[in-house]
Each structure stands twice: as structure tokens, then as C-alpha cells.
4 protein chains.
Amino acid sequence: MAVMTKEAVLKEYRIRELMEAARRVIGRHGFEGTTIDRVAEEAHVAKGTIYLYFSNKEDLLHAAVFEGLRSMIDETRRSDRTDLPPLERLRAFVKGQFEIQSSNQDFLKAFFLESKFVTFEPGDERGEALRSLYTEHLDFVATILDSAVRAHLFRSIDPQFCAYMLTEMMTGCLRRRLLGLVETPIREDAELVLDLFLRGTVATHGA
Amino acid sequence: MAVMTKEAVLKEYRIRELMEAARRVIGRHGFEGTTIDRVAEEAHVAKGTIYLYFSNKEDLLHAAVFEGLRSMIDETRRSDRTDLPPLERLRAFVKGQFEIQSSNQDFLKAFFLESKFVTFEPGDERGEALRSLYTEHLDFVATILDSAVRAHLFRSIDPQFCAYMLTEMMTGCLRRRLLGLVETPIREDAELVLDLFLRGTVATHGA
Amino acid sequence: MAVMTKEAVLKEYRIRELMEAARRVIGRHGFEGTTIDRVAEEAHVAKGTIYLYFSNKEDLLHAAVFEGLRSMIDETRRSDRTDLPPLERLRAFVKGQFEIQSSNQDFLKAFFLESKFVTFEPGDERGEALRSLYTEHLDFVATILDSAVRAHLFRSIDPQFCAYMLTEMMTGCLRRRLLGLVETPIREDAELVLDLFLRGTVATHGA
Amino acid sequence: MAVMTKEAVLKEYRIRELMEAARRVIGRHGFEGTTIDRVAEEAHVAKGTIYLYFSNKEDLLHAAVFEGLRSMIDETRRSDRTDLPPLERLRAFVKGQFEIQSSNQDFLKAFFLESKFVTFEPGDERGEALRSLYTEHLDFVATILDSAVRAHLFRSIDPQFCAYMLTEMMTGCLRRRLLGLVETPIREDAELVLDLFLRGTVATHGA
DNA sequence: GATGAATGAGCGTTCATTCAT
DNA sequence: AATGAATGAACGCTCATTCAT
């Protein structure tokens, strides 16, 4: 167990608070509308205080976004039902994702619709960090799909590609709502996505 | 035919030029990096001139984005192969979409990864315009899918939903490249997307 | 003759105005107390305007200092009495220097007592520019001294070194006033400096 | 002997330590680059501690500068060779000054090239303190010169004025190096300065 | 109509100073 | 007495917008 001094605990707490405030501001005003002033006000802290914990605005926003995504991904991982047979495990995963996404709507709204944090040039440390976070998540999804392939429950598909497509389908469902294209509760899409992803669209005549 | 005065023609021409310049700047510098100065320079026009044709920066950028998307969608519409049987028509559509997307990468990069133009509050006129542009496009895609359903080539799916999912899968493929997650040419994804969309992932035992 | 457009003339005029305002602010508040806001106010111009003519604060201040010194040095050069015999020429030069210095007291006060503009690292372009401006001035002074050496009016001294010392003695006299060490009018020092510089302190017994 | 409580001794010790740390930081980073943070770090002390011993930054820096100069002047006084005949005494003084200056280059660099501590308004207590420190030093130098005058070794010069000029010549030599105008070791200038100060520049024909 | 010089609100950041512990 | 986290005024700089020419 990591032993922490009281100061270190407090510091970590402050950092977390600031990142949460940043995420709230991002959710409310978008990335473009997120200023140090607003984050400071949201965190009930003076402007200068932020610079005691983050070296600049970009650092703060990156950390806030990164941690936001990481906690969502961690939650996904934790709720993986490896005990279930592959298809049930996949269904549980998809349902879980929809749950997680719908509890993080505000933050994801800005992230999906405006994020410029993944556009960093190749070689940029922060961009790479986000990319690899995402890549690891995709690898995890691919693992689930691969287990279905190995069990001959899936035809011989490319798990990486399909993991990415499945993810896009799910985030797409959220995006559809965030854009105001539909108003039905997002959870209802889970079954539709699963159905499409599993069975496709083509009729199987004479099956 | 609408009769236009010489002035109106000139005005329309200027507007078009400015929007094109804006789109080039967006493609090159992203939304955040798009300043009135840069657009003016790109359009070989003085800064103040822009304000003769657009009431402010947001107006210009919205119009530029709107027109950019509209021309892509128009092109899609024009190349619709209603003469082909539904599945072939769909294949042609998907291939066409990948072509169109890959010829507009720079602009779409900014649009997908950074755009905040779709986040406008409900009631915002410009947001509504973009929304309905997109909705119409989805309706068009749904029409294609519906023709397959009616021909009993597709099982009984929700064409609207599937149209949205198909669109997300395609834009997802572009996004994957823009994020630097894969480096293969985007056109190669067309068949993969079609295959997944049509057949799903589940093995059809005993078929 | 250089032909200038009306715009170029105006631009040069503005630049000159801004540099003069900067010099006045420097004279009044010192370098440390010179802010862009104050210069803008002094020049009756908005803050942003300064950045149309200078790329940043350092640029402005350097230019202001450089031009301030250059015009003093130019004036010195212009009033050089090459027509007089060496010692008379030197006397005229010293008197002239005292005049010039006393008409630029405010600016020189900051420059002598606070200047950090000559401390730039070797290789820094602006520091070099100032250094070579000063070096050229010293060379000019050395020329005068050298003419006296060649005429055997001076003993065999090092003109470069003595030029520097003479300059220091003169600026020292100004500094003495700026520091408030003495209050007599600075012009009175001219003869004293000349006397010391020419004859030294040692008594010439039996002469 | 002044009797001091243990606390007073400690306090004095702390004050001295802080001033020394300040001087080191000034020498390393210049006045502009001297922050309370840096001084605190250099003194291995918390930021707030400084304010227990100095009421503000200006106080600290002034005290540090004052003490720095005072110790140099004290050293000068201590090494005065009253036992030697006037001209030898003066020669020893000049040599000693060059020694002292060259062992305090870092600090003097900042002081000569950047200091604004002497520009304080008339009436300012700190400015006055520095002024009178300097005046006393000049008086001391004048004493030496006066002894030469009285011994008829010097012609009838103004000892105060010449003391100031001699001082300026010596600091000028250091300044010349700090500005990077020459690179020769500073001690070599001692003889040149003495020669010029004593004999002046004019040839003494037929003497 | 077209220009581009001028504007000034607003931003990110620094740092001397305070004060609860 | 000593700390250092917290503060917020002040700075340099950007850029959308205006308006006299």
C-alpha cells in the first residue's frame, strides 16, 4: 500500500477537485468556452491556485479529459462479465457501456462534439496518452469479440475492426441524442445496436 | 428562373469565395486556428470586407460549414444509382461515400474532431439548419435501406436507425484515420463496413 | 531619394510616435515601470495598436532605446568640428556631449541607472545592435583622440582606451547629477573633465 | 560591547543569510529575475519566513544591495595604506579596488547594468541610505587625493570631483567588460587608469 | 463597395503578499 | 517562529469588430 503524507493526500484531493470542476465547465460551456476563470470559479478557488497544481491550461484540460475517460474505461473493465459465455458477456458489455455513457453525458457531449484533444500532432505526449488509452480500450473490446470467434459463435471477422465499429455504433447512439436528432432514452438503443452488430441487415432466406 | 441583378450575382460570388476560403483555412488550421485575418488573406480581401457579407465570424463559419456539408450531400444524392437493384445500389452508395469523404479529409478532420457547430442550443437557428441538413441526408440513406427491406433483401429492420448506424460506421472509419489509429487507405474499409453491416458478426451455423 | 507611399509615411510617423511615448514613459517610470498600458496611454492609442507596429514589448523598448541613443550619437557626429585643430575639436566635442546629454536627461536617467538592455546574452541580435552602436561611437571618439596623437599634441596613449574613459567621465558627470550627488548645472563639469583628461592630476614641477 | 539576547543573535544571523541568498540570486538571475521564491529556495527557507525578517521584497533587495556595497567599501577602507606616501597609497588603493571589483563581478554586473535602487525619489529613505554610503566612500577617496594635493604631488585639483572621476573610471573598466566590449582581464586596466588619471593625455613638450 | 488602422474586452500566466496551521 | 497553500492584482498579448477614408 502506498503510504501518503497528509500533504500528498490533500494535493491529490485538490487536483481531483480541479479536474472535476474543469469537466463540469467543459460540459457546460464546451472546450472553447472553458476559461481558467470559469474553472477557478467553479472550483471555488482563486485563479492563481490552479497554477499550483497544473502548469498551464492545456495541462489541466488534458488531465481532466484523460481522467474522465480513464475512469469510464476502468468502470467498463471492472464490470466485465468474464464468467458469462461470450455472447452474454458481449450483451452485458454493450448494456454496461450505454449505462456508463448516459451517466457521463455532459462531459461526453463536449468531448464528442468538440474535442480537439485528440488532434495533437504525432509525437505530442498528451495526444499519444489519449490515443493509447483509447487503443487499450479497443483492444479490450476486441478481446471479448475474439472470445466469441474462438468459440465459433462469430464468423471469422477482424476483431479489431469490429471492436472499433461496435464502439462507434455505441458512441454514435449517444451522439444522436446529443445532437438532438432523437429524444428517446439512450438505453433503448442497446438492443438495436446488438441486433444490428450481431445479425446484420440481410435477410437469411430459407434459414 | 430567378432573375438576378448584376450586383446580386457579384454578391453571391463573393459569398461563395469567402466560404471557400474559410473552408480552406479551417482545413489547414482547424476551427480554433481560423481567424478573420486568415480567411481575409486566403480570400485576397480586406478584413472589413468580410463583414459586408457576413454579420460576424460565427455566421461566416457556420455558412462555410453548412455549404461544405451540403455540397458533399448533394454529390451523394446526384450519384445515387436508382437504376441498380437495392443491394448494388447500397454498395455503390457506400463506396461513393468513402470517395467523397476521402476527398474532403482536411475539412472533415476539423469538422469531426473540433467542430462545435452542432452543439448550439435548441432553438438556435444555425444549429437547426445543420440538424435538418443532416436529417435529410439520413432520410435519403434510409430510403435506400427501405428499398432493400421492401424487396425482402433485408430483414425487417428500422431503416432510420440503420441508416444512422451505417453513416456512423462510415464516418467512424474516417475518424479512425484522422486520429491516427490506423494508417491503411480509407477506401479499403468500404468492403469491411458493408460486410459487417449486411451480415453482422454471428456465425450462421448449418447454413 | 526614397519614394514613400502615404501609408509608409504614416506608419513611420506612428512608429516614431510610439517610440517617443515609450521613451517618455521610460524616463518617467523607469524600465521596470514601463508597461504597454502606460505607453499606449502616453501615445493616446489603444493597447492593441502598439502591436500593429511592434511585435512585442521587448521590440518596442529596444527600438525606442536604440533610436534614442542613435539620434544622440548622430547629433554628436553632425556637430564634429573637423575644421578645428585637434585640441579645439576635442573641447568642442566634450562641450557638445554635455549639451546633448543634458537635453536628454529623462531618458538617459533610466538608461544609465536601470538599463538591462545591454545585458543580453552574446548572440542576441538586439544586444549586439546596441553594442555595435556604442562601439562605433567609441571609435569615433577615438578618431578625435588619434588626431591629437598624430599631431603630437597628446603623448602616446591608447586612443580606444582613452576614448572609453573620456566617455565614462562624461556620462559619470551626468550620473552624478541623476543620483542627486551634486546639484550644480551639468555643463559646468565640461571644463573640469577636459582639464583632468588632458592634464591629469600630477603636478609638473619645474615646468 | 552590545549585549544581545539569543533571539537577537539568531535574528541577525537569519537576516544575514537571507541577504546573502538574495545577493547570490541577484548575481545569477539579475534583479528582474530575482523572485521571493528563488531567494527562499536559495536560503533553504519557506517563502513566508522572509516576511518575518523583511517587510517586503524591496526591503530585502535594498538591504542585500546595501550590505553588499558596504562590505566592499569596508574592505576598501581596511586595506588603506596610510603608511605609504600619497602616490603609493593611491596606487595601492586603485589596485585594491580592481581586485575587489573583480571578486564581486556577478553581483556588480546586476548592480551596474540593471539596478534601479539608486533612482529612488529624493526623500526616499533607502535611496538616501545608498547615497550617503556612496558619498562617504567618495569622501574617503577624496581624502587620499587630498593628501597628495597637500604634499604638492598633485596640482591644485578639486579632490571631490577627481575622486568621483577616478571612481567612475574604475567602475567604467568593469562595465566595459560586463558589456562584453573588451575581454582582457580587468586587472590590466589598473595601470592604464592610474596613468591617465595622473598624467592626463597632453604631451609635455620640452619638460 | 472596399479598405485596413484602430479598438478594447478578454485571455493565460506570474508573483508579491497574506494567514491559518 | 516557521510554513507554504492560497490569493488576486497586474501584466503581455490576441483578435473579432468597427468606422473614417
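This is a walk through a predicted model, starting with one chain and moving on to the way the copies relate and to a few individual residues.

Let us begin with the fold of chain A. Nine helices and zero strands make up its secondary structure, so the pattern along the sequence reads α-α-α-α-α-α-α-α-α. If you draw a box along the principal axes, the C-alpha atoms of chain A fill roughly 70 × 45 × 30 Å. Of the 207 residues in chain A, 50% are buried. The contacts tell you how the chain folds back on itself: among those in chain A with a separation of 6 or more, 67% join residues 24 or more positions apart.

Now look at the outside of chain A. Its accessible surface comes to about 10,300 Å², and carbon and sulfur atoms account for 52% of that area. As for charge, chain A carries 28 positive and 33 negative side chains. The centres of these two sets lie 2 Å apart.

With one chain in mind, we can turn to the copies. Chain A can be laid on chain B with an RMSD of 0.6 Å, using a turn of 177 degrees and a shift of 0.1 Å along the axis. That is the relation of a two-fold axis. Both copies use the same surface, as 100% of the contact residues of chain A recur in chain B. Chains C and D repeat the story: laying chain C on chain D takes a turn of 177 degrees and a shift of 0.1 Å along the axis, with an RMSD of 0.6 Å. Here 100% of the interface residues of chain C are also interface residues in chain D, so these copies too meet through the same surface.

A good place to see how chains C and D come together is helix α9 of chain D, residues 189-199. Its buried residues are D189(D), A190(D), V193(D), L194(D), L196(D), F197(D) and L198(D). What do the buried residues of α9(D) pack against? Within chain D, the partners are α5 (86-102), α7 (125-150) and α8 (159-178). From chain C come α8 and α9 (189-199), and the helix thus has packing partners in both chains. Just after α9(D), the backbone reaches G200(D), which takes a positive phi of about 70 degrees.

Aromatic rings give another view of the packing. A search of the whole structure finds 12 aromatic pairs over all chains. One of them joins F154(A) and F197(A), edge-to-face, with 6.4 Å from centre to centre and 70 degrees between the planes. This pair links distant parts of the chain: F154(A) sits in the loop between α7 (125-150) and α8 (159-178) of chain A, while F197(A) belongs to helix α9 (residues 189-199), 43 residues away. Are these two rings buried or exposed? F154(A) has a relative accessible area of 3%, and therefore counts as buried; F197(A) is buried as well, at 1% relative accessibility.

Chain B offers a second edge-to-face pair, Y134(B) with Y164(B), at 6.5 Å centre to centre and 70 degrees between the planes. Again distant parts of the chain are linked, since Y134(B) lies in helix α7 (residues 125-150) of chain B and Y164(B) in helix α8, 30 residues apart. Both Y134(B) and Y164(B) are buried.

Finally, let us visit some loops. Most residues other than glycine have a negative phi. H44(A) has a positive one, near 55 degrees. You will find H44(A) in the loop between α2 (36-42) and α3 (47-53) of chain A, where it is exposed, with a relative accessible area of 73%. In chain C, H152(C) likewise has a positive phi, near 60 degrees. The home of H152(C) is the loop between α7 (125-150) and α8 (159-178) of chain C, and its relative accessible area of 56% makes it exposed.

Our last stop is E183(B), in the loop between α8 (159-178) and α9 (189-199) of chain B. At 75% relative accessibility, E183(B) counts as exposed. From E183(B) to R38(B) is 145 residues in sequence, and their C-alpha atoms are 30 Å apart in space.

Methods
Residues are numbered from 1 along each chain as its sequence is written. Chains are lettered from A and ligands numbered from 1 in the order in which they are written. This is a predicted model: local features need pLDDT of at least 70, side-chain atom pairs count only at pLDDT 80 or more; totals for chains, interfaces and linings use all residues. Side-chain values use heavy atoms; hydrogens and water are left out. Copies are superposed by least squares on the C-alpha atoms of residues with pLDDT of at least 70 in both. Contact means heavy atoms within 4.5 Å. Helices (H or I, at least four residues) and strands (E, at least two) are DSSP runs, numbered from the N terminus. Buried means under 20% relative accessible area, exposed over 50%, partly exposed in between (1.4 Å probe, protein chains only). Accessible areas come from the Shrake-Rupley method with a 1.4 Å probe; for residues, only the protein chains shown count as cover. Lys and Arg count as positive and Asp and Glu as negative; His and the chain ends are not counted. The place of a charge is taken as NZ of Lys, CZ of Arg, CG of Asp or CD of Glu. Rings of Phe, Tyr and Trp (its six-membered ring) pair if their centres lie within 6.5 Å; planes under 30 degrees apart count as stacked, over 60 as edge-to-face and the rest as tilted.
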